[in-house]
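Please open the model in your viewer and keep the selection panel at hand. The tour goes from one selection to the next and says what is there at each stop.

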Amino acid sequence: MRWSTILQQYYFLSVTCLLTALEAVPIDIDKTKVKGAQPVDSAKIEPPDTGLYYDEYLKQVIDVLETDNHFREKLQKADIEEIKSGRLSKELDLVSHHVRTKLDELKRQEVGRLRMLIKAKLDSLHDTGIDYHALLKQFDHLNHMNPDKFESTDLDMLIKAATSDLENYDKTRHEEFKKYEMMKEHERREYLKTLDEEKRKEEESKFEEMKKKHENHPKVNHPGSKDQLKEVWEEADGLDPNDFDPKTFFKLHDVNNDGFLDEQELEALFTKELEKVYDPKNEEDDMVEMEEERLRMREHVMNEVDSNKDRLVTLEEFLKATEKKEFLEPDSWETLDQQQFFTEEELKEYENMISLQENELKKKADELQKQKEELQRQHDQLEAQKLEYHQVIQQMEQKKLQQEISPSGPGGESKFEPQAPMTVLDSGD
């Protein structure tokens, strides 16, 4: 369904979904020539996790809307601008009552989930007097003014929020990768400081050796070039390289047969190139770097091929790209091991930030330790008071018991103790 495709054009997360792009079979070639060919049922292909905090809600809304024939028909005819602009959201008023009821239920569940998240966060901060209505304003993927009804405004906000968030996702991934590399280098340098001079030299030598070992790999084809695609055609698809045909290649790797190559289908094409550089069994190869390399390759191909910048590659765009000089005679591709991820100045700035965070955490830890000690002191004090009160109560009960038991003789009979006679004074004395 194109609805899922249009929204999912921005999706980039699930590595496990990438390899499914190698399983589709084109309709115009001899299937007996395709290695391990199995038809792919697009309905069975699960969309990857977007990484958005409202990912499940987004998928559920899409699934429900696709059950309405009228809305599905409109979606099939809609272009990306109609969806992104919000014009398509107006069609929500025409969907069936059953669909609207289901959407209302999904929204109420989502609002409830967000309220639970807010409460859990504020409880951890020991906040009181929670104004859920005000705090819901921070979530821009639904209309918080009407928490019980799913309206056209909700669909418009959901589409715009997902579009904006996912368009920025690649940028965020690059930033996180840069932080990852800086942290890795920071930890390496900190570890070296703990070693004596001899061991430090050994570690430095080992580091350089591992680096050279990683850089010693076969040539990586330029992503999206004829050489790169032919290698996929031959090694992954099991076809004769002399029979390479761009149109057939496109159909072969359009996994869900929707007429587009989306980002996941493109990324699957780079697996063979990445395997030349990265092996999970090798200590010198970092799989986080491999996924960053995959992302760089996909971005590069999209910039070269996706002429209308809708993050989907049509057959027309694909065939047009194969006619360019860059497709036949590409420049060499510089892998990550030829890149500088950060400068020394950036690393120092990052280390300063880490130091500030560590100091803040230490300060909070000290405060928590003091609170713990104070609570322990109060607990011990209460326990001491409890023991003291218990002893007083026991003493009082023993005294009461002694008073209630009268004295007795040797045989157990009550012992009579006469009172001393009173002296009567003579008034005449």
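Begin by selecting Leu347, which in this predicted model has its place in helix 17, the helix that covers residues 344-404. Is Leu347 buried or exposed? With a relative accessible area of 0%, Leu347 falls under the 20% limit and is therefore buried. To see what surrounds Leu347, show the residues in contact with it while leaving aside its neighbours within four places in sequence, and you will find Met182, Glu185, Arg189 and Phe342. Then add Lys179 to the selection: Lys179 and Leu347 are 168 residues apart in sequence, yet from C-alpha to C-alpha they are 9.1 Å apart in space.

Next, select helix 8, residues 169-193, and keep helix 17 on display beside it. The axes of helix 8 and helix 17 come within 10 Å and cross at roughly 80°. Since an angle of 65 to 115 degrees counts as roughly perpendicular, helix 8 and helix 17 are therefore described as roughly perpendicular to each other. To view the contact itself, show the side chains on both helices: from helix 8 come Lys178, Lys179, Met182, Met183, Glu185, His186 and Arg189, and these meet Glu344, Glu346, Leu347, Tyr350, Glu351 and Ile354 from helix 17. If you colour the residues of this contact by type, they divide into 5 nonpolar, 1 polar and 7 charged.

Keep helix 8 selected and add helix 9, residues 197-215, because the next stop is the largest pocket, where each of these two helices supplies at least two residues of the lining. About 1000 Å³ of space lies in this pocket, and 28 residues line it. Which residues lie nearest the centre of the largest pocket? They are Lys184, Glu185, Arg188, Phe207 and Lys211. Helix 9 gives the largest share of the lining, with 8 residues. Colouring the whole lining by type gives 7 nonpolar, 4 polar and 17 charged residues.

Now move to the loop between helix 14 (287-305) and strand 2 (313-314), and select Leu312 there. Leu312 has a relative accessible area of 3% and is therefore buried. Add Leu266 as well, which is 46 residues from Leu312 along the chain, and the C-alpha atoms of the two residues prove to be separated by 9.6 Å.

For another loop, select Asn257, whose place is between helix 11 (246-253) and strand 1 (260-261). A relative accessible area of 51% lies over the 50% limit, so Asn257 is exposed. The backbone deserves a look too, as the phi of Asn257 is near 55°, a positive value in a residue other than glycine.

Finally, clear the selection and show the protein as a whole. The secondary structure comes to 17 helices and 2 strands. Of the 429 residues in the protein, buried residues make up 36%. Among the contacts between residues at least 6 apart in sequence, 72% join residues at least 24 apart.

Definitions and conventions
Residues are numbered from 1 along each chain as its sequence is written. This is a predicted model: local features need pLDDT of at least 70, side-chain atom pairs count only at pLDDT 80 or more; totals for chains, interfaces and linings use all residues. Side-chain values use heavy atoms; hydrogens and water are left out. On a 1 Å grid over the protein atoms alone, a cavity is a set of points where a 1.4 Å probe fits but cannot get out, and a pocket is an open set with protein on both sides within 12 Å along at least five of seven lines; lining residues have an atom within 4 Å of a point. Grid points are joined across faces, edges and corners, and a volume is the space filled by probe spheres set on the points. Helices (H or I, at least four residues) and strands (E, at least two) are DSSP runs, numbered from the N terminus. Ala, Val, Leu, Ile, Met, Phe, Trp, Tyr, Cys and Pro count as nonpolar, Asp, Glu, Lys and Arg as charged, and the others, Gly among them, as polar. Buried means under 20% relative accessible area, exposed over 50%, partly exposed in between (1.4 Å probe, protein chains only). Contact means heavy atoms within 4.5 Å. Axes are lines fitted to C-alpha atoms, for helices over the stretch in contact, and angles run from 0 to 180 degrees between N-to-C directions. Angles under 35 degrees count as roughly parallel, over 145 as roughly antiparallel, 65 to 115 as roughly perpendicular and the rest as oblique.
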